[in-house]
Amino acid sequence: MTTNPAAGKPSNQTKSATETASVAKRLQNELMTLMMSGTPGISAFPDGDDLMNWTATISGPEGTVYENLKYKLAMKFPTSYPYNAPTVTFKTPIYHPNVDMNGNICLDILKDKWSAVYTVQTILVSLQSLLGEPNNNSPLNDEAAEMWGNPEQFRKQVLAAHPGNDE
Amino acid sequence: MSDNSHNPPAQDAETYARPTDDEILQYERKIKEPHTLAPLVGEKTGFESLQAEYADGSPTTQAKIALLAEEYSGLRCTRRDGNCFYRGLAYRLCELVSERKDTLWAKAVMQRLGPHSREAVGRAGYDLDLMGDFAECWEDAVRDGDREGAAADSVVCWLRIVTAAILKNNRDMFEAFILDSYPTLDLFIGSQVEPMNIEADQPHIVAIANALGVTIKIGNLDTTLNTDGVMNWHEIEPLEPLVIPDSAPKAEDQPQVVLLYRPGHYDILYPI
């Protein structure tokens, strides 16, 4: 086999540059897929030129207490993406058993079950289904978890927490 | 809401007593620090450090190490980050292929770890557009004999996906191993195979040996299985061995990947 003297072993510095480039490539790839597929009720886009920080929107699924409401989320990607999960937080206040008052989310695929097979798209679809199907066994908002069985009362709390549907 | 990223006043002790994700991550990093500072794959050494580590250990372990030192020229330690099995396997296979470049064995292995693995991953339903970059890192590293590249996270990630694909494509066979402890094979894969930093166990090793067509031999330093000081070895042979033409010269060997197992960790062993 031929050896290419120009293609020497990358030093640590160029290696981290390569890593950053591969994160960017992956995120661009995901952005393209997301735009082409047009999954209903979800969208996401980088904040300006910053590919490592995105803003996403999900719509509350029909037939759930979140119907007709939109929620904004912030997605922050580590340089070790996709080996490590992005940090995803609700920016729109939400009353939900698995979301705390700061917008932090408890969802297994964003924690111990994260792997490189997940994408921005699969995260948002999972979050959308988490809205209608919370995991009430590991709540971040205990009161919400207890109230889940009472949809009318729950819907009132959801509307009270939501700042309005104009965004 | 952007000003809410810091700890708010403790209005509700119950809610805020919970550590934040950042605090948990920082703590995790702190306790793992000694391991994360270790090289992904270290230098090849003799058995002195292993002997020193077990100087106060059981006589069984010491006897096993003494036997290893007679039959093996050394070992290479991998970082204890839960990826050690995949990393050790990838690194060693890359070495073996580059030492035997252009042999029929090396060509057969390249076929398995390249097109054959990609086909399996695609058939299992994974998005090859998304996973193809990882596959490329692995194939390039082995072709170029770039051992450092073969130890990268991208390669660990790809080998995990290949392992998962083999499990999915041979559902009937693997469910028998797994359904005792997991309700479905897919739940097992989602929590024990795909995520980084989760150790490999018997089903993972059987699956990846089948994918790559290479025998993986594992020496067990555990004292619970054997009390007479004889090393217990497990040889995991691929169900579909490599197809090597009859024209292969008799002198061409078909090397194995040999690993040393201690509970929760794998290192690379070098035969004399």
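Reader: Let's start with the sheet in chain B. What is the strand order, and is the sheet open or closed?

Author: This is a predicted model, and in it chain B has an open sheet of six strands, ordered β1-β2-β6-β5-β3-β4, with mixed pairing. To find the edges, look for strands that pair on one side only: here they are β1 (41-45) and β4 (232-236) of chain B. From one strand to the next, the twist averages 25°.

Reader: Which way do β3 and β5 of chain B pair, parallel or antiparallel?

Author: Parallel: β3 (residues 216-220) and β5 (residues 257-262) of chain B are joined over five bridges. If you want a spot to click on, take B:G219, whose bridge partner in β5(B) is B:L260.

Reader: Okay, now the helices. Which strands does α5 of chain B touch?

Author: Helix α5 (residues 84-99) of chain B packs on the sheet, touching β1, β2 (72-78), β3, β5 and β6 (265-271) of chain B. The direction of α5(B) makes about 20° with that of β6(B). Compare α12(B), which lies across β3, β4 and β6 of chain B and runs at about 150° to β3(B).

Reader: Why is α12(B) described as largely enclosed?

Author: Here's the general idea. An α-helix has 3.6 residues a turn, so residues three or four places apart point the same way. Now the case here: 10 of the 11 residues of α12 (residues 202-212) of chain B are buried, so the rest of the structure largely encloses this helix. Among the buried ones are B:H204 and B:N210, along with B:I205, B:V206 and B:I208. Just after α12(B), B:G213 takes a positive phi of about 75°.

Reader: What about the nonpolar core: how many residues are in the largest one?

Author: It has 109 residues, and those with the most contacts inside it include A:W54, A:L124, B:F85 and B:Y126. Helix α9 (residues 153-169) of chain B gives the most to this core, with 11 residues. Try displaying B:Y126: its contacts include A:V117 in the other chain, plus B:M131, B:I161, B:A165 and B:I189. There's also a second, separate core of 12 residues, including B:F47, B:I65, B:L75 and B:L221.

Reader: And where in chain B does pLDDT stay under 50?

Author: Over residues 1-14, for which the model has 14 contacts beyond four places in sequence. For chain B as a whole, the mean pLDDT is 88, and 86% of its residues reach 70 or more. The model scores ipTM 0.83 and pTM 0.86.

How values were computed. Residues are numbered from 1 along each chain as its sequence is written. Chains are lettered from A and ligands numbered from 1 in the order in which they are written. This is a predicted model: local features need pLDDT of at least 70, side-chain atom pairs count only at pLDDT 80 or more; totals for chains, interfaces and linings use all residues. Side-chain values use heavy atoms; hydrogens and water are left out. Buried means under 20% relative accessible area, exposed over 50%, partly exposed in between (1.4 Å probe, protein chains only). Helices (H or I, at least four residues) and strands (E, at least two) are DSSP runs, numbered from the N terminus. Two strands pair if DSSP finds at least two bridges between them. Axes are lines fitted to C-alpha atoms, for helices over the stretch in contact, and angles run from 0 to 180 degrees between N-to-C directions. Contact means heavy atoms within 4.5 Å. A nonpolar core is a set of buried Ala, Val, Leu, Ile, Met, Phe, Trp, Tyr and Cys residues joined through side-chain atoms within 4.5 Å. pLDDT is the predictor's confidence in each residue, from 0 to 100.
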